Every structure is written in C-alpha cells, then in structure tokens.
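Got the viewer open? Load the model, switch to cartoon view, and keep the selection box handy for a short walk through the fold.

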Amino acid sequence: MDSPVATRFSAQQSLYDVLGVAQQSDVKDIRSAYRHLARITHPDVAATENKEESTKEFLKIHAAYTTLCDPERRARYDLQLSLQSLPRFGSPRGFSGIGRSWETDQCW
C-alpha cells in the first residue's frame with residue numbers, strides 16, 4: 001500500500017513542490033506545510049512495513065523545510081531555480097573562435 005505522500009516526489013520537483021507550497025509563500029506557510037507533512041511521514045508514526053519509505057519521504061520534506069526557512073539558503077535556491085528556467089541555446093562554438101577561419105567569417 002502506498003503512503004499518502006509517496007506520489008509527491010519526483011526527480012524534477014522543486015523544494016516548493018515537495019512541501020506543496022507556492023514559491024511566494026512566507027515562512028509561516030512553509031512551517032505549517034512542513035508540520036502537516038511531518039505528522040504524516042515521520043518514521044515514528046509510520047506503519048512498520050512502511051518505515052523505510054516513510055523515512056526517505058520525511059528526509060526529503062525536512063531538507064526542503066530547512067532550505068526554505070533559512071533566508072540565505074532560500075535566496076540561493078531561488079536563484080538556482082530561476083537560472084534553470086532560462087532557455088538553453090546551442091553550443092557557443094561560434095563565439096569562441098574555435099574552428100573558424102577568415103573565409104567562413106566573411107559576410108558576402
């Protein structure tokens with residue numbers, strides 16, 4: 001049987017997704033979401049057969065909480081998220097000068 005939050009996690013989720021809060025949420029909302037999820041996933045309250053899965057889920061939730069409640073760590077994380085959302089372009093080879101020659105650089 002799956003735990004209630006087993007489907008919350010994937011490789012591409014943000015820490016905000018893990019806690020189920022918006023990126024604009026304040027610390028109070030983040031703390032509230034963390035406490036709610038901790039009551040569900042904490043290994044001490046999980047069924048014996050789900051202890052390992054519950055422990056993994058709780059550790060992800062706790063890591064998200066500790067990052068998002070610290071203003072400096074949250075700012076760095078938000079910057080990282082915004083950089084990941086920028087479009088990626090092809091190789092910068094044309095700007096590096098590697099493999100270019102005078103003939104190919106002419107605008108005829």
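Start by selecting His42. Is His42 buried, exposed or partly exposed? With a relative accessible area of 26%, His42 is partly exposed, because that value falls between the 20% limit for buried and the 50% limit for exposed. You'll find His42 in the loop between H2 and H3. Now show what surrounds this residue: leaving aside anything up to four places away in sequence, His42 touches Ser54 and Phe58. Put a distance label on the second of these, since Phe58 sits 16 residues from His42 along the chain, with 5.7 Å between the two C-alpha atoms.

Before moving on, colour by confidence, as this is a predicted model. Mean pLDDT over the protein is 79, and 71% of the residues reach at least 70. Among the elements, H1 has the highest mean pLDDT, at 95, while helix H5 (residues 93-96) has the lowest, at 51. Residues 1-10 have pLDDT below 50, and in the model this stretch makes 19 contacts beyond near neighbours in sequence.

Zoom out for the overall layout. The protein has 6 helices and 0 strands, giving the pattern α-α-α-α-α-α along the sequence. Of its 108 residues, 27% count as buried. Take the contacts with a separation of 6 or more: 56% of them join residues 24 or more positions apart.

Next, select H2 and H3 together. Their axes lie 10 Å apart and the packing angle is about 170°. Which way does H2 run relative to H3? That angle makes the two helices roughly antiparallel, the cut-off being over 145 degrees. Show side chains at the contact: on the H2 side you'll see residues including Val27, Ile30, Tyr34 and Leu37, and on the H3 side residues including Phe58, Ile61, Tyr65 and Leu68.

Stay on Ile61, which belongs to helix H3 (residues 51-69). Ile61 counts as buried because its relative accessibility is 0%. Try a C-alpha distance to Arg35: the two residues are 26 apart in sequence and 9.7 Å apart in space.

Slide along H3 to Glu52 and Lys56. Here the side chains form a salt bridge, 3.7 Å from N to O. Both residues are in helix H3, 4 residues apart, or about one turn of the helix. Glu52 is exposed, at a relative accessible area of 58%. Don't hunt for more, as a search of the whole structure gives 1 salt bridge.

Now add H4 to the selection. The axes of H3 and H4 come within 5 Å and cross at roughly 100°, so these helices are roughly perpendicular to each other. Thr66, Thr67, Leu68 and Cys69 of H3 make the contact with Pro71, Arg73, Arg74 and Tyr77 of H4.

Last stop: the largest nonpolar core. Which of its 17 residues touch the most other members? They are Leu19, Tyr34 and Leu68. Helix H1 (15-19), helix H2 (27-41), H3 and helix H4 (71-84) each contribute at least two residues to this core. Finish by centring on Leu68 and showing its contacts: not counting residues up to four places away in sequence, Leu68 touches Leu15, Tyr16, Leu19, Ile30, Arg74 and Tyr77. As background, nonpolar side chains tend to be buried together in soluble globular proteins.

How values were computed. Residues are numbered from 1 along each chain as its sequence is written. This is a predicted model: local features need pLDDT of at least 70, side-chain atom pairs count only at pLDDT 80 or more; totals for chains, interfaces and linings use all residues. Side-chain values use heavy atoms; hydrogens and water are left out. Buried means under 20% relative accessible area, exposed over 50%, partly exposed in between (1.4 Å probe, protein chains only). A nonpolar core is a set of buried Ala, Val, Leu, Ile, Met, Phe, Trp, Tyr and Cys residues joined through side-chain atoms within 4.5 Å. Contact means heavy atoms within 4.5 Å. pLDDT is the predictor's confidence in each residue, from 0 to 100. A salt bridge is a side-chain nitrogen of Lys or Arg within 4 Å of a carboxyl oxygen of Asp or Glu. Axes are lines fitted to C-alpha atoms, for helices over the stretch in contact, and angles run from 0 to 180 degrees between N-to-C directions. Angles under 35 degrees count as roughly parallel, over 145 as roughly antiparallel, 65 to 115 as roughly perpendicular and the rest as oblique.
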